Amino acid sequence: MASSPTHFSLSLRTNQQTPIPKPSFFSHSNTHFHFHLHSNNWVSASVSTARRLRICAASSSQVMDPFAAKSQPALPEIVEVDLGNRSYPIYIGSGLLHEPEYLQRHIHGKRVLVVTNKTVAPLYLDKVVDALTRGNPNVSVESVILPDGEQYKDMDTLMKVFDKAIESRLDRRCTFVALGGGVIGDMCGFAAAAFLRGVKFIQIPTTVMAQLQLVDSSVGGKTGINHHLGKNLIGAFYQPQCVLIDTDTLNTLPDRELASGFAEVIKYGLIRDAEFFEWQEKNMQALLARDPSALAYAIKRSCENKAEVVSLDEKESGLRATLNLGHTFGHAIETGVGYGQWLHGEAVAAGTVMAVDMSYRLGWIDDSIVKRVGNILKQAKLPTSPPDTMTVDMFKSVMAVDKKVADGLLRLILLKGPLGNCVFTGDYDRKALDDTLRAFCKS
């Protein structure tokens, strides 16, 4: 397919709406993005500095069939996140943990620290150590095994990573490797950003949540920890050297965690990729049944969406914030009920329903979208309302310290227009927000 320059403009106001550019996965060549800061505190974007999203694909049969013969090395699909000198590849395929070349090409020093948790370590730690050291005797690997769960995504647990790194006398040429779900990815990335003021790190996500960028740790460089007053309030933007997604790791996930990850898949369809949403409506049962072709496609398409957005807006100036559909409500649920009580994707699913409800109350979408969102989340076995313990006051208290608050104004990602369109805005009728909260809370 012939490529031509893709042009768009983007206007951001702290109290105005952000039009969202559409995905154009296989016809990208030159997308340009440039910010101008104006004295009246708004930002416009126009064509300038080149950004490319390069997608290199092997044959789909090699990538999507984990039962294919392993006599020849699997050829992964590669999505490259283009950030200039901070660009990195995402390798996606079956059996990649058995192919050491993909990890070893990104290890430049002699010391590696693998950060994982007690659930993932028995399954994959030995495989990763082998992939890092096979035929490469100059590399030595240390590991630190953390407790498993969102409730441990805190400063005390993060210190265990620093303790191990310092005790092992790791230097600035070392590489940290995050092996696990979103919690591990967030904490390992943040530790890598802070240790010796920054060392290299690699992401090996092992859950749908992490593989589909649910907490933005696997793809996009958002790292951090929680505070008891709010989720992900302490962190840094720090890009990995690569992301390696072995789709075979999904076979060991409990059903609840598998379903939880699909909240992010659904999100991409709603905010910018209507065709992908329609595909999900037809294939959700295949995804829940762990069909390898369906899972590989969903992961790849989600990575393409995420990579395109990150390449255009690395530091979340506006466009990237749209990836947080449902997250403001969802983070309030996680904080309100206690970290770890609801899985992140479960909270985001309920939060997405609330964001869609509010969009409908504002008159920005029709009721067919409301019904389709409810139906697909039910298909995915995800909650469509917050827990009964959540109150209006609890929501408001936590949302007041959300990262998207600017100058005291809560900005939200809401749907507007046909399926696949959204806005990031603080310009909405506050009554609609109050009505949504009251509709979903008993008090």
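**Exercise 1.** Which side chain meets that of K431 in a salt bridge?

*Solution.* The model is predicted, so local features need pLDDT of at least 70 and side-chain atom pairs count only at pLDDT 80 or more, while totals for chains, interfaces and linings use all residues. Residues are numbered from 1 along each chain as its sequence is written, and side-chain values use heavy atoms, with hydrogens and water left out.

Begin with the criterion: a salt bridge is a side-chain nitrogen of Lys or Arg within 4 Å of a carboxyl oxygen of Asp or Glu. The side chain of K431 meets that of D435, at 2.8 Å from N to O. Next, place the pair: both residues belong to helix α14 (residues 430-440), where they stand 4 residues apart, about one helical turn; helices here are DSSP runs of H or I with at least four residues, numbered from the N terminus.

**Exercise 2.** Determine whether D435, K431 and R438 are buried, partly exposed or exposed.

*Solution.* Apply the cut-offs, namely buried under 20% relative accessible area, exposed over 50% and partly exposed in between, with a 1.4 Å probe and protein chains only. D435, at 19%, is buried, whereas K431, at 51%, is exposed. R438, whose side chain also forms a salt bridge with D435 (2.6 Å, N to O), is partly exposed at 49%.

**Exercise 3.** Explain what the salt bridge between R290 and D255 ties together.

*Solution.* First, the two side chains meet at 2.8 Å, N to O. R290 lies in the loop between α8 (274-288) and α9 (292-312), and D255 in helix α7 (residues 255-272), so the pair connects parts 35 residues apart in sequence. Finally, R290 is buried at 17%, but D255 is exposed at 58%.

Notes. Helices (H or I, at least four residues) and strands (E, at least two) are DSSP runs, numbered from the N terminus.
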